[in-house]
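Grab a viewer and work through these exercises at your own pace. Each one comes with a solution you can check step by step.

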Amino acid sequence: MLNPSHQGAQMGRQAPVSQHYNGPGQQSAANALTSFVTYAKAMQDLDEKSFPVEYEAHRDRLLKLEPMLRVHGILDVMEIRNPEIKALLRIP
């Protein structure tokens, strides 16, 4: 989708990826990666037994981000070292 304010959009040129609109419920690959790292680090620092609600919330957020990370190949090029998160995402 072209961003009408993008210079050159009126001439039919494609807008740079950074200027594409991400509608409701959509997230860019960069945002998904940033969110993934944020939630993974937070989950890693939580004790599941002491903070079950928070742990579950981060787990659910990671699972919601997984499809976006897979579609863009991010999980193919990054190494997840935390065994719990690796198992959650079914990475061998």
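Helices here are DSSP runs of H or I with at least four residues, numbered from the N terminus. With that in hand, Asp76 can be placed in helix 3. One caveat before starting: this is a predicted model.

**Exercise 1. Get the overall layout: how many helices and strands are there in the protein chain?**

Step 1. Start with the secondary structure: the chain has four helices and zero strands. Walking along the sequence, you read the pattern α-α-α-α.

Step 2. Next, burial. Of the 92 residues of the protein chain, 26% count as buried.

Step 3. Finally, look at contacts between residues at least 6 apart in sequence: 41% of them join residues at least 24 apart.

**Exercise 2. Work out which residues of helix 1 are buried, and where they sit around the helix.**

Step 1. Find the helix. Helix 1 covers residues 29-44, which makes 16 residues. From its first C-alpha to its last it reaches 22 Å, close to the 22 Å expected at 1.5 Å a residue.

Step 2. Pick out the buried residues: Ala32, Ser35, Phe36, Ala40 and Met43. Look down the axis of helix 1 and these buried residues fall within an arc of 130°, so they line one face of the helix.

Step 3. Flip to the face turned away from the buried side, where you'll find the exposed residues Ala30 and Thr34.

Step 4. Now ask what does the covering. Helix 2 (52-71) and helix 4 (83-88) are among the elements over the buried residues of helix 1.

**Exercise 3. Describe how helix 1 and helix 2 pack: what is the angle, and how far apart are the axes?**

Step 1. Two packed helices are described by the angle between their axes and the distance between the axes.

Step 2. For helix 1 and helix 2, the angle is about 150° and the axes are 9 Å apart.

Step 3. Classify the angle. Over 145 degrees counts as roughly antiparallel, and helix 1 and helix 2 are therefore roughly antiparallel to each other.

Step 4. Add the handedness: the crossing of helix 1 and helix 2 is left-handed. Helix 1 brings residues including Ala32, Phe36, Tyr39 and Met43 to the contact, while helix 2 brings Tyr55, His58, Arg59 and Leu62, among others.

**Exercise 4. Zoom in on Met43: is this residue buried or exposed, and what does Met43 touch?**

Step 1. Met43 belongs to helix 1. Its relative accessible area is 4%, and the cut-off for buried is under 20%, so Met43 is buried.

Step 2. Set aside neighbours within four places in sequence. Met43 is then in contact with Tyr55, His58, Arg59, Leu62, Ile85 and Leu88.

Step 3. Check one pair by distance: Met43 and Arg59 are 16 residues apart along the chain, and their C-alpha atoms are separated by 7.2 Å.

Step 4. Cross over to one of those partners. His58 is found in helix 2 and counts as buried at 14% relative accessibility. With neighbours within four places left aside, His58 is in contact with Tyr39, Ala42, Met43 and Leu46.

**Exercise 5. Compare notes on Leu33 and Ile80: where is each one, and which residues does each contact?**

Step 1. Leu33 is in helix 1. With a relative accessible area of 30%, Leu33 is partly exposed.

Step 2. Beyond neighbours within four places in sequence, Leu33 is in contact with Leu69, Ile74 and Met78. Leu33 and Glu66, 33 residues apart in sequence, are 9.6 Å apart C-alpha to C-alpha.

Step 3. Ile80 is in the loop between helix 3 (74-77) and helix 4. A relative accessible area of 10% makes Ile80 buried.

Step 4. Again leaving out neighbours within four places, Ile80 is in contact with Phe36, Leu75, Ile85, Lys86, Leu89 and Ile91. Ile80 and Ala40 are 40 residues apart in sequence, yet 9.6 Å apart in space, C-alpha to C-alpha.

**Exercise 6. Look at Asp76 and Arg90: are they buried or exposed?**

Step 1. Asp76 counts as exposed at 66% relative accessibility. Asp76 and Ile91 are 15 residues apart in sequence and 9.5 Å apart in space, C-alpha to C-alpha.

Step 2. Arg90 lies in the segment after helix 4 and counts as exposed at 62% relative accessibility.

Step 3. Check the backbone too: Arg90 has a positive phi of about 55° although it is not a glycine.

Methods:
Residues are numbered from 1 along each chain as its sequence is written. This is a predicted model: local features need pLDDT of at least 70, side-chain atom pairs count only at pLDDT 80 or more; totals for chains, interfaces and linings use all residues. Side-chain values use heavy atoms; hydrogens and water are left out. Helices (H or I, at least four residues) and strands (E, at least two) are DSSP runs, numbered from the N terminus. The expected span of a helix is 1.5 Å times one less than its number of residues. Buried means under 20% relative accessible area, exposed over 50%, partly exposed in between (1.4 Å probe, protein chains only). The arc is that of the directions from the helix axis to the C-beta atoms. Contact means heavy atoms within 4.5 Å. Axes are lines fitted to C-alpha atoms, for helices over the stretch in contact, and angles run from 0 to 180 degrees between N-to-C directions. Angles under 35 degrees count as roughly parallel, over 145 as roughly antiparallel, 65 to 115 as roughly perpendicular and the rest as oblique. A crossing is left-handed if the near helix is turned anticlockwise from the far one by less than a right angle, and right-handed if clockwise.
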